[in-house]
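Here are some notes to read alongside the structure, set out as numbered points. Please keep the sequence and the model open while you go through them.

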Amino acid sequence: MDETTIAPADDYSLDRVPRKDRTKGWLSITNITFGIATAIFYFQMGSVMALKFGAINAMISSAYAIVVAGLLGTVVAYLSAKSGMNVNLLSRSGGFGYIGSSLTSLIYASNFIMYCAFEGLILVSAVHYFFPTLPKWTLILLFGSIVIPLNWFGIDQLDKLQKWSLPLFILFLLTAIIVSLYQPSIYQGSIFTYMPDGVQIGGEALLFCIGMHHGIMGLTALLASDYARFLKPSDIKVGSVAIGFIPQIFCFGVMGGLGIWFGVRFLESDPGVYIVLLLGIGGALFTMLTQLRINVTNIYSSSLSLSNFFENIFHFTPGRRFWVVFAGVTAILLMLSNIVEHVDTLMTFQGVFLLAWAAILVTDALVVKKWLKIGPTYYVARQEYLYKWNPVGTISLIVASVLGTIAALGYMGLFLETTAAFFAALLASILTVVIAILTKGKYYLVKEPDDIVDEDKIG
C-alpha cells in the first residue's frame, strides 16, 4: 500500500507516517501522553496499595514501575519515532507476521475499550452523586458519546485538547492539595511511613504492590507508540526518553504518591469519595476533566488497533473515524453491562499479555535485530513483503501469556502469582531470542522493499 493513498484524517492507521508529516516536537507528544497519566485511576492505585500493604511498600513499588515502564516506553517510543509506526504496525515485521500482529492488535484494542468503560464509570459515579435523580444510563450515554467527536480530527485535535485542558487539571489538583492541608487528618501519624497492623516492609506486601503495578505498566509503555511516530527526527533522542519516562513519573510517582497521601490522610481508598469531600461539586468537575482526558486517548488508540486488525484479516478499511464510533459505542455497551465487576480478572490477563508483548518488541529490536543481526534492521507494514506468521513473536507471546496467566491465577505459587507479568515478560524475551536463532530470521520478510531510507533503520 502506498503511503500517499492514506488520508491524513486517518492519522496513517494502516502504514508508516511519512517523514514529511513527522513534525511534532517532543513537548507536544509528551503532553498528549499525559492524557493517560492524569487519570484518577492512579490516585486509587496509590491509595489502595498504601492502606492494604503500607505506604513504604507502595512507594518502593512505584519506583520500580517508573524504572521498568520508563525503560520499555523509551525503547518503544524510539522505535516508533524512527520507523513512523505504532506497536501494531511494528509487530508485523517485529517478530509476528501480518496475521500474528493482528491478534495482538485485537487484544490491544479491547484493552483500551475496557479502560474507556472503566474510566467512564468513575465519571458517571462522581456526577451521579450530585445528581441522583438522573438515571445512570443517561449519564453513560452522555459521557460515552462525548469522546467520539473529540477524536474526530485525530492527532492535531488531541494535541490541542490535552494542551488546553492541562492548566485546568493542574489548577484543580493544586486546589485539592491545598484544601487537604486545611482539613483535619484522620490518620495522625507520619503519612508516608504508614503501615497497617501486621504488615512489614518488603516480602509479600511488596510483591502484591508490584503485582498491582504490573497490571498497567505494559499499557503505559506501549501507548507512547501511537503518538511518538509523529515526532520530528531532530527530537528523537531527547523525545524518546521524555515520552518514555515523564508520563511514568507522573503516573506512578506524582499521581500515585498523591493517592498515598490522600488515602492515608483520610483512611479512604476511593478517590471518588475524598476528592468530592475536598472539592464538593468541584470534585465532580475535576473527575470529569481527568476522565475525558484519558478516554480520548483510549478511544484514539483503540481505533488505530481496530483499523489494523480488520485491514489485515478482512481487508475492511472504512477509515479510522468509523472505528472511533465503533470503539465508543462498544465502551458504552460495556458500561451499561457494568464491566467494573470484572476489572480484576481483565487486568490480570492484560498485565501479563501487554508486558510480554512489550518485552518481545524490545528484545527483537535490541537483541535479535541489532546485536545478533537476525532479520531486517527496519520495519515494514505492507502485506506483500511479510509472512502471515512469524514464530519468533507469535509462539513467544502465546506461551508466555498462557503460562503467565496460569501463574497469575495462583497455580505456580505466591511468588509467581504476584510477579506473573514480569515472569511472562522474561519468558517471552528468552523465547524470542531462542526462536529467532533457531529459525535464523527466515520468517521476517518474504522479500525486501526498496523504499526504506537509512534514517528509518534502527541498525
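In which helix is Gly257 found? The points below begin with that residue, and it should be kept in mind throughout that this is a predicted model.

1. Gly257 is found in helix α9, which covers residues 236-266. This glycine has a relative accessible area of 16%, and because buried means under 20%, Gly257 is classed as buried. When its neighbours within four places in sequence are left aside, Gly257 is in contact with Phe192 and Phe252. Gly257 and Ala58 are 199 residues apart in sequence, while their C-alpha atoms are 8.5 Å apart in space.

2. Ser47 belongs to helix α2, made of residues 41-53, and its relative accessibility of 0% makes it a buried residue. If residues up to four places away in sequence are not counted, Ser47 touches Gly259, Ile260, Gly263, Glu268, Ser269 and Tyr274.

3. What angle do the axes of helix α1 and helix α6 make where they cross? Helix α1 (residues 26-37) and helix α6 (residues 154-182) have axes that come within 9 Å and cross at roughly 75°. Since angles of 65 to 115 degrees count as roughly perpendicular, α1 is described as roughly perpendicular to α6. On the α1 side the contact involves Ser28, Asn31, Ile32, Phe34 and Gly35, and these meet Ile155, Leu158, Asp159, Gln162, Lys163 and Leu166 of α6. Sorted by type, the residues of this contact of α1 with α6 are five nonpolar, four polar and two charged.

4. The aromatic rings deserve a point of their own, as the count comes to 26 aromatic pairs. One of them joins Phe41 and Tyr42 in an edge-to-face arrangement, with 5.6 Å from centre to centre and 80° between the planes. Both partners are away from the surface by the accessibility criterion, for Phe41 counts as buried at 7% relative accessibility and Tyr42 counts as buried at 2%. Elsewhere, ring pairs link Phe309, Phe310, Phe314, Phe316, Phe322, Trp323 and Phe326 into a cluster. An aromatic ring also takes part in an arrangement with a charge, in that the charged end of Arg293 sits over the ring of Phe169, 5.9 Å from its centre.

5. Which residues other than glycine have a positive phi, among them one in the loop between α9 and α10? As background, most residues other than glycine have a negative phi. Leu267 has a positive phi of about 50°; this leucine is found in the loop between α9 and α10 (271-279), and with a relative accessible area of 42% it is partly exposed. His315 likewise has a positive phi, near 55°; this histidine is found in the loop between α11 (281-314) and α12 (320-336), and its relative accessible area of 58% makes it exposed.

6. Is Trp137 buried or exposed? Trp137, found in helix α5 (residues 136-146), has a relative accessible area of 52%, and because the class of exposed residues begins over 50%, this tryptophan is exposed. The C-alpha atoms of Trp137 and Leu336 are separated by 6.7 Å, although these residues are 199 residues apart along the chain.

Definitions and conventions: Residues are numbered from 1 along each chain as its sequence is written. This is a predicted model: local features need pLDDT of at least 70, side-chain atom pairs count only at pLDDT 80 or more; totals for chains, interfaces and linings use all residues. Side-chain values use heavy atoms; hydrogens and water are left out. Axes are lines fitted to C-alpha atoms, for helices over the stretch in contact, and angles run from 0 to 180 degrees between N-to-C directions. Helices (H or I, at least four residues) and strands (E, at least two) are DSSP runs, numbered from the N terminus. Angles under 35 degrees count as roughly parallel, over 145 as roughly antiparallel, 65 to 115 as roughly perpendicular and the rest as oblique. Contact means heavy atoms within 4.5 Å. Ala, Val, Leu, Ile, Met, Phe, Trp, Tyr, Cys and Pro count as nonpolar, Asp, Glu, Lys and Arg as charged, and the others, Gly among them, as polar. Buried means under 20% relative accessible area, exposed over 50%, partly exposed in between (1.4 Å probe, protein chains only). Rings of Phe, Tyr and Trp (its six-membered ring) pair if their centres lie within 6.5 Å; planes under 30 degrees apart count as stacked, over 60 as edge-to-face and the rest as tilted. A charge sits over a ring if NZ of Lys or CZ of Arg is within 6 Å of the ring centre and within 35 degrees of the ring normal.
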